[in-house]
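These are my notebook entries on a single protein chain. I set down what I looked up, entry by entry.

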Amino acid sequence: MPAIAPPPALEAARREFAGGRDYLAACTVGLPNRATQRAVWADLDACASGRPDLAAYSAAVERSRALFASLVGVGAERVAIGSQTSVAAATVATALPHGAEVLVPEGEFSSLVLPFIHSGRGLVVRAAPLAELAAHVRPTTALVAFSVVQSATGEVADAAAIAAAAAAQNALTLCDATQAVGWLRVEASVFDAVVCHAYKWLCAPRGVSFLTVSDRLGARMTPLNAGWYAGDDPWSSCYGGEVELAPDARRFDVSPAWQAFIGAAPALELFASLDAADLHEHATGLAGAFRAGLGLAPPERASAIVTWEDPDGRDLTRLMSAGITASGRSGRARVAFHVFNDHDDVDLALAALGR
């Protein structure tokens, strides 16, 4: 069956990336588009010439905040900016009473688990299979923390079922959307918190992350990482302890990595301009074609990430030897298909594997 051409907007977006051919590792790190390259280069040139633009940095941070909010369907006032998933998770942990129970999937990414284990609050962290997570929510569960797309396997969670089960027990929810936003639509309003690092599927420089906060979670959380940027007016909050924190999610901001946000704003603009359904169909369609070529059964929920057992790393070596950038996690080979990939990438990867 001949490959179906992507919609014109996606094809135009693909041309915004200088690389992409043979690159099947958006689940590890995304690629910068041309606008991000230009923005970062221009900022470096300005700084090297003694003209750093602090107003432009602040504008890039706030533009990025607003763009991410639009991508996940909430207002910008519900979005805090940061640089690391673990810091956001540790802040969420402050909302839990000492000794509370946190439910996580087995094999969950460490940055979403360790902050609760080492919170100093005596939290009880309990793990269950992702496919059964909703059934394991019980009256003693205070928080369910999970990635909507698992890093090691590419498995897509039944997020609606998990959210419903948590709501039935009045448990808080923390959804890590790092492996999702950029190809899979995530509605942040469904969860008490959504954390997302933008350096993977959103193709921003590393050092840009976001945390959405519901009203009930925000009322319980402590801004333990508060600094000058958490102030209602950051530029007048630089000295002393008499600082009025922002009244919304911005009080959970950490000081932004300026240069990273300079590159993030045009990256987020590109993805915000695209139709989420088209992105999902494109990425999962390529992944599905590759999966079929390997003879793998389709997953319960379509994913842009394909993994298969590769305990000795032979398949990963075959891919890398053919010039294809892929990755391996937990004894599995892993490839990912994104907006800058097409069916030629599917064919090249299958050929490298002798299929």
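The entries below go from the whole chain to one strand, then to ring pairs and single residues.

**Entry 1. Overall form**

I note at the outset that the model is predicted. I counted the secondary structure of the protein chain and recorded 11 helices and 10 strands. I then compared the radius of gyration with the globule rule: a compact globule of 355 residues would have a value near 20 Å, and the chain has 21 Å, which agrees. For the extents of the C-alpha trace along its principal axes, I wrote down about 65 × 60 × 35 Å.

**Entry 2. Burial, contacts and surface**

I looked up how much of the chain is buried and found 51% of the 355 residues. Among contacts with a separation of 6 or more, 69% are between residues 24 or more positions apart. I recorded an accessible surface of about 15000 Å² for the chain, with 54% of that area belonging to carbon and sulfur atoms.

**Entry 3. Strand β7**

I turned next to β7, where five of the five residues are buried. I checked the two faces separately: Ser209, Leu211 and Val213 lie on one side, Phe210 and Thr212 on the other, and all are buried.

Which way do β1 and β7 run relative to each other, parallel or antiparallel? I found them antiparallel, with four bridges joining β1 (residues 79-82) to β7. In this pairing I noted threonine 212 of β7 as the bridge partner of valine 79. Strand β6 (residues 193-197) also runs antiparallel to β7, and five bridges join the two. Here I noted that cysteine 196 stands opposite phenylalanine 210.

**Entry 4. Aromatic pairs**

I counted 12 aromatic pairs in the structure. I examined tyrosine 57 and tryptophan 258: their ring centres are 5.0 Å apart and their planes meet at 15°, so I entered the pair as stacked. Tyrosine 57 belongs to helix α3 (residues 54-72) and tryptophan 258 to helix α8 (residues 258-272), so the pair ties together parts that are 201 residues apart in sequence. I then looked up the accessibility of each partner. Tyrosine 57 counts as buried at 2% relative accessibility, whereas tryptophan 258 counts as partly exposed at 23%.

Phenylalanine 68 and phenylalanine 210 form another stacked pair, with 4.5 Å centre to centre and 5° between the planes. Phenylalanine 68 lies in helix α3 and phenylalanine 210 in strand β7 (residues 209-213), so this pair ties together parts 142 residues apart in sequence. I found phenylalanine 68 buried, at 0% relative accessibility, and phenylalanine 210 buried as well, at 1%.

I also traced a cluster linked by ring pairs, made up of Tyr57, Trp228, Tyr229, Trp235 and Trp258.

**Entry 5. A charge over a ring**

I looked up arginine 206 and found it over the face of tyrosine 199, at 4.5 Å from the ring centre.

**Entry 6. Histidine 282**

Is histidine 282 buried or exposed? I found a relative accessibility of 14%; the cut-off for buried is under 20%, so histidine 282 counts as buried. I placed this residue in helix α9 (residues 276-294). Leaving aside residues up to four places away in sequence, I listed the residues that histidine 282 touches: Pro6, Leu10, His338, Val339 and Asn341.

Technical notes: Residues are numbered from 1 along each chain as its sequence is written. This is a predicted model: local features need pLDDT of at least 70, side-chain atom pairs count only at pLDDT 80 or more; totals for chains, interfaces and linings use all residues. Side-chain values use heavy atoms; hydrogens and water are left out. Buried means under 20% relative accessible area, exposed over 50%, partly exposed in between (1.4 Å probe, protein chains only). Contact means heavy atoms within 4.5 Å. Rings of Phe, Tyr and Trp (its six-membered ring) pair if their centres lie within 6.5 Å; planes under 30 degrees apart count as stacked, over 60 as edge-to-face and the rest as tilted. A charge sits over a ring if NZ of Lys or CZ of Arg is within 6 Å of the ring centre and within 35 degrees of the ring normal. The radius of gyration is taken over C-alpha atoms; the globule rule is 2.2 Å times the number of residues to the power 0.38. Accessible areas come from the Shrake-Rupley method with a 1.4 Å probe; for residues, only the protein chains shown count as cover. Two strands pair if DSSP finds at least two bridges between them.
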